[in-house]
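This briefing was prepared to accompany the sequence and coordinates shown below. It addresses side-chain packing, aromatic and charged pairs, and selected local features.

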Amino acid sequence: MLKLAQPKIESKVAYKKSVDGLVDDLEKLFLKSVETSIEISSVDYLAKAPRGELYLIAPAANVGAVSGERLSNLYEDHMVSKTGSARNIYDAIRSSSRKCALCGHQMASTLDHYLPKSSFPAFAVNPANLIPCCRDCNTHKGRKVIDAAGKQLFHPYFDDFDGIRWLHAKVDEETPPSIAFYVDPPAEIGGTFKMRAEEHMTKLRLNNIYSANAAEELVNIAGQLKELGDRLSCFGV
């Protein structure tokens, strides 16, 4: 997991730029009619996110008279599309981190909607809701609506988990050796943090990724030590 700076692009700017890409003037006016509602939702998002309260935002099928499908299409057609009017915003957010912010391991190749756009269309093109991630994390995370504080994954823009030792490893001294990771934060951090950390690890299947990479690293270290030993033996050490 990586801590990232929140995108500097405001929600209203991203929304306006996406809508401006529409060719149909009536459709453009229709989507502009909910600009105020979109901005109110953004203010609420930015207020709740630092407190870990995004689970309190209720899912919705639409924003005013504009359907969620229309807003999802706005993201796909004008932000994701290489010729979209807001594609530069998409690229700026995705390139803000070379590695996936959710696992911290694989390359960031797409953007994930922290609150899924299928259930929270007001945040379909909201930069604060778009996380640089790998396709595996994007797939594993899914579109489930979270209804409790402890079920939330970490949010790279708002959750400060740096400097907190909450992830530990246990070495199984077999041949070859293996490493298992487990969550055990300091007691003073609180139970909600631990639940979120466990949910993050489990939902994204990070133990498998981290264990495989750690095991590979152990094998490499063992090989280097053996090579060093062989060299020293040549000098009678």
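The notes below concern a predicted model. The largest nonpolar core has 55 residues, and Tyr 45, one of its members with the most contacts to other members, recurs in the aromatic pairs described below. The count of aromatic pairs comes to seven, and that of salt bridges to 11.

**Nonpolar core**

- Within the largest nonpolar core, the residues touching the most other members are Tyr 15, Tyr 45, Met 79 and Trp 166.
- At least two residues of this core come from each of α1 (11-19), α3 (35-48), α4 (68-80), α5 (87-94), β4 (130-133), α7 (191-203) and α8 (206-234).
- The element that gives the most to this core is α4, with four residues.
- Tyr 45 is buried, its relative accessible area being 0%.
- Once neighbours within four places in sequence are set aside, the contacts of Tyr 45 are Leu 54, Ile 57, Tyr 114, Leu 115, Phe 123, Ala 128, Asn 129, His 155 and Phe 158.

**Aromatic pairs and a charge over a ring**

- The model holds seven aromatic pairs.
- One of them joins Tyr 45 and Phe 123 in a tilted arrangement, with 5.0 Å from centre to centre and 55° between the planes.
- This pair links distant parts of the chain, with Tyr 45 in helix α3 and Phe 123 in the loop between β3 (110-113) and β4, 78 residues apart.
- Phe 123 has a relative accessible area of 3%, which is under 20%, and therefore counts as buried.
- Phe 154 and Trp 166 form an edge-to-face pair, with 5.5 Å between centres and 65° between the planes.
- Both Phe 154 and Trp 166 lie in the loop between α6 (135-141) and β5 (167-172), 12 residues apart.
- Phe 154 is buried at 2% relative accessibility, and Trp 166 is buried at 6%.
- A single aromatic cluster is formed by Tyr 45, Phe 123, Tyr 157 and Phe 158.
- The ring of Tyr 114 has the charged end of Lys 141 over it, 5.7 Å from the ring centre.

**Salt bridges**

- Side chains of opposite charge can pair when their charged atoms come close.
- The model contains 11 salt bridges.
- Between Arg 51 and Glu 53, the salt bridge has an N to O distance of 3.0 Å.
- Arg 51 is exposed, at 53% relative accessible area, whereas Glu 53 is partly exposed, at 23%.
- Glu 76 and Lys 117 form a salt bridge whose closest N and O atoms are 3.5 Å apart.
- This salt bridge links distant parts of the chain: Glu 76 belongs to helix α4 and Lys 117 to the loop between β3 and β4, 41 residues apart.
- Glu 76 is partly exposed, with 36% relative accessibility.
- Lys 16, Asp 20 and Lys 32 are joined into one network by salt bridges that share partners.
- In the salt bridge of Lys 12 with Glu 10, the closest N and O atoms are 3.9 Å apart.
- Glu 10 is partly exposed, at 45% relative accessible area.

**Helix α5**

- The buried residues of α5 are Arg 87, Ile 89, Tyr 90 and Ile 93.
- These buried residues line one face of α5, because they fall within an arc of 160° when seen down the helix axis.
- An α-helix has 3.6 residues a turn, so residues three or four places apart point the same way.
- The elements against which the buried residues of α5 pack are α1, α4, β3 and β4.

**Individual residues: Ser 18 and Arg 205**

- Ser 18 lies in helix α1.
- Ser 18 is buried, with a relative accessibility of 0%.
- Beyond its neighbours within four places in sequence, Ser 18 is in contact with Leu 74, His 78, Met 79, Ser 85, Ala 86 and Val 125.
- Arg 205 is located in the loop between α7 and α8.
- Arg 205 is not a glycine, yet its phi is positive, at about 60°.
- Most residues other than glycine have a negative phi.

Technical notes:
Residues are numbered from 1 along each chain as its sequence is written. This is a predicted model: local features need pLDDT of at least 70, side-chain atom pairs count only at pLDDT 80 or more; totals for chains, interfaces and linings use all residues. Side-chain values use heavy atoms; hydrogens and water are left out. A nonpolar core is a set of buried Ala, Val, Leu, Ile, Met, Phe, Trp, Tyr and Cys residues joined through side-chain atoms within 4.5 Å. Buried means under 20% relative accessible area, exposed over 50%, partly exposed in between (1.4 Å probe, protein chains only). Contact means heavy atoms within 4.5 Å. Rings of Phe, Tyr and Trp (its six-membered ring) pair if their centres lie within 6.5 Å; planes under 30 degrees apart count as stacked, over 60 as edge-to-face and the rest as tilted. A charge sits over a ring if NZ of Lys or CZ of Arg is within 6 Å of the ring centre and within 35 degrees of the ring normal. A salt bridge is a side-chain nitrogen of Lys or Arg within 4 Å of a carboxyl oxygen of Asp or Glu. The arc is that of the directions from the helix axis to the C-beta atoms.
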